[in-house]
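Biologist: I'm new to this one, so could you take me on a slow walk through one part of it? I'd like to hear about the charged side chains that pair up.

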Protein chains: 2
Amino acid sequence: MKRLLTALMITTSVSPVLAAEPEVAYPAGYRDWHHVKSMVIDKGHPLFESFGGIHHLYANKKAMEGYRAGKFPNGAVIVFDLLEAKQADNAVTEGARKVVGVMHKDAKKFAATGGWGFEGFGGGDKTNRVVRANAATACFACHTPQKDHDYVFSRLRD
Amino acid sequence: MKRLLTALMITTSVSPVLAAEPEVAYPAGYRDWHHVKSMVIDKGHPLFESFGGIHHLYANKKAMEGYRAGKFPNGAVIVFDLLEAKQADNAVTEGARKVVGVMHKDAKKFAATGGWGFEGFGGGDKTNRVVRANAATACFACHTPQKDHDYVFSRLRD
């Protein structure tokens with residue numbers, strides 16, 4: 001009986017994971033990671049609709065190894081943190097968070113999209129997943145030209 | 001004789017420090033510190049001449065305590081990292097480093113300027129000090145309205 005219960009518990013806890021799309025975890029603590037670089041995307045830019053605002057890229061330690069090597073190890077996480085860009089009085093300041101975009105390297109789990117899992121958390125809300133099963137078309141397609149840099153657009157700077 | 005030599009050595013090593021302005025150390029490793037916030041200052045802004053470009057603020061651990069408390073402990077260091085802002089194709093990207101500005105808290109050493117030492121490293125060059133003995137007029141004067149926040153303009157955000 002005990003063995004049966006254990007087997008049932010394992011089955012119950014494992015099966016939803018097997019059935020669902022592989023999920024990208026919310027990048028807890030990313031605001032303390034290394035700030036890689038930033039950019040402002042204004043109206044008129046081809047990516048304005050998706051990425052208009054000011055964005056900052058953050059990398060965890062494994063992602064830092066990846067930037068240096070040109071190939072990212074499993075566990076590397078890069079965050080694209082997009083905030084509103086408020087233009088006033090000849091300055092651009094940061095506004096509300098629009099989305100926390102995440103690339104999470106796991107060569108096996110995300111084999112279908114170059115070994116990277118992609119997710120966006122709308123407004124930075126951990127529960128508001130905006131990519132879900134659409135990573136291949138919504139994210140990976142635009143990253144394929146960066147294949148020689150392991151699908152990552154950004155580069156480290158001093 | 002040994003005592004005299006020791007006394008001479010102490011005098012020799014201490015006297016240049018006593019004679020010179022208190023010096024702010026270059027903030028080694030600041031690019032791995034917490035990224036506090038960013039801003040772009042454009043032409044037409046009253047601070048454009050001094051601070052035009054895109055700047056990022058970084059805080060060491062003691063400075064993070066200070067942001068939370070509203071009062072910064074000795075050893076707190078805040079970096080104002082100013083890069084050229086390249087405007088093209090409806091985007092602003094980062095260019096060359098213009099200056100690494102530093103505020104370093106040491107209530108005793110920098111008592112004359114609110115307990116903060118101020119320095120700027122032109123182009124990010126550790127040897128190119130652009131403030132030196134002019135901290136009171138070149139830096140501290142503009143920070144005095146922030147006395148209630150320990151002379152710090154920036155605030156933490158999520």
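Modeller: Here is a close look at the salt bridges of chain B, followed by a few words on how the two chains sit together. Keep in mind that this is a predicted model.

A bit of background to start: side chains of opposite charge can pair when their charged atoms come close. Counted over all chains, there are 12 salt bridges here.

Let's begin with Arg129(B). Its partner is Glu23(B), and the closest N and O atoms of this salt bridge are 3.6 Å apart. Arg129(B) sits in the loop between strand S5 (116-122) and helix H4 (135-143) of chain B, while Glu23(B) sits in the loop between helix H1 (2-19) and strand S1 (34-41), so the pair ties together parts that are 106 residues apart in sequence. The two ends of that bridge have their own surroundings: Arg129(B) is buried, with a relative accessible area of 16%, whereas Glu23(B) is partly exposed, at 48%. Over in chain A, Glu23(A) and Arg129(A) belong to a network of salt bridges that also links in Glu119(A).

Now move to Asp150(B), which lies in the segment after H4 of chain B. One of its salt bridges goes to Lys71(B), with N and O 3.9 Å apart. Lys71(B) is found in the loop between helix H3 (61-69) and strand S3 (77-88) of chain B, so this pair joins parts that are 79 residues apart in sequence. Lys71(B) counts as exposed, at 55% relative accessibility, but Asp150(B) counts as buried, at just 4%.

Asp150(B) also meets Lys105(B) in a salt bridge, this time with an N to O distance of 2.7 Å. Lys105(B) belongs to strand S4 (residues 91-105) of chain B, so the pair ties together parts that are 45 residues apart in sequence. Here both partners, Lys105(B) and Asp150(B), are buried.

Finally, step back to the two chains. As a rule, two copies of a chain are related by a rotation about an axis and a shift along it. In this model, a turn of 180° and a shift of 0.0 Å along the axis lay chain B on chain A with an RMSD of 0.0 Å. The two copies are thus related as by a two-fold rotation axis. If you want a residue to look for, try His35(B): of the residues of chain B, it comes closest to that axis, with its C-alpha at 3.2 Å. The same surface serves both copies, as 100% of the contact residues of chain B recur in chain A.

Conventions
Residues are numbered from 1 along each chain as its sequence is written. Chains are lettered from A and ligands numbered from 1 in the order in which they are written. This is a predicted model: local features need pLDDT of at least 70, side-chain atom pairs count only at pLDDT 80 or more; totals for chains, interfaces and linings use all residues. Side-chain values use heavy atoms; hydrogens and water are left out. A salt bridge is a side-chain nitrogen of Lys or Arg within 4 Å of a carboxyl oxygen of Asp or Glu. Helices (H or I, at least four residues) and strands (E, at least two) are DSSP runs, numbered from the N terminus. Buried means under 20% relative accessible area, exposed over 50%, partly exposed in between (1.4 Å probe, protein chains only). Copies are superposed by least squares on the C-alpha atoms of residues with pLDDT of at least 70 in both. Contact means heavy atoms within 4.5 Å.
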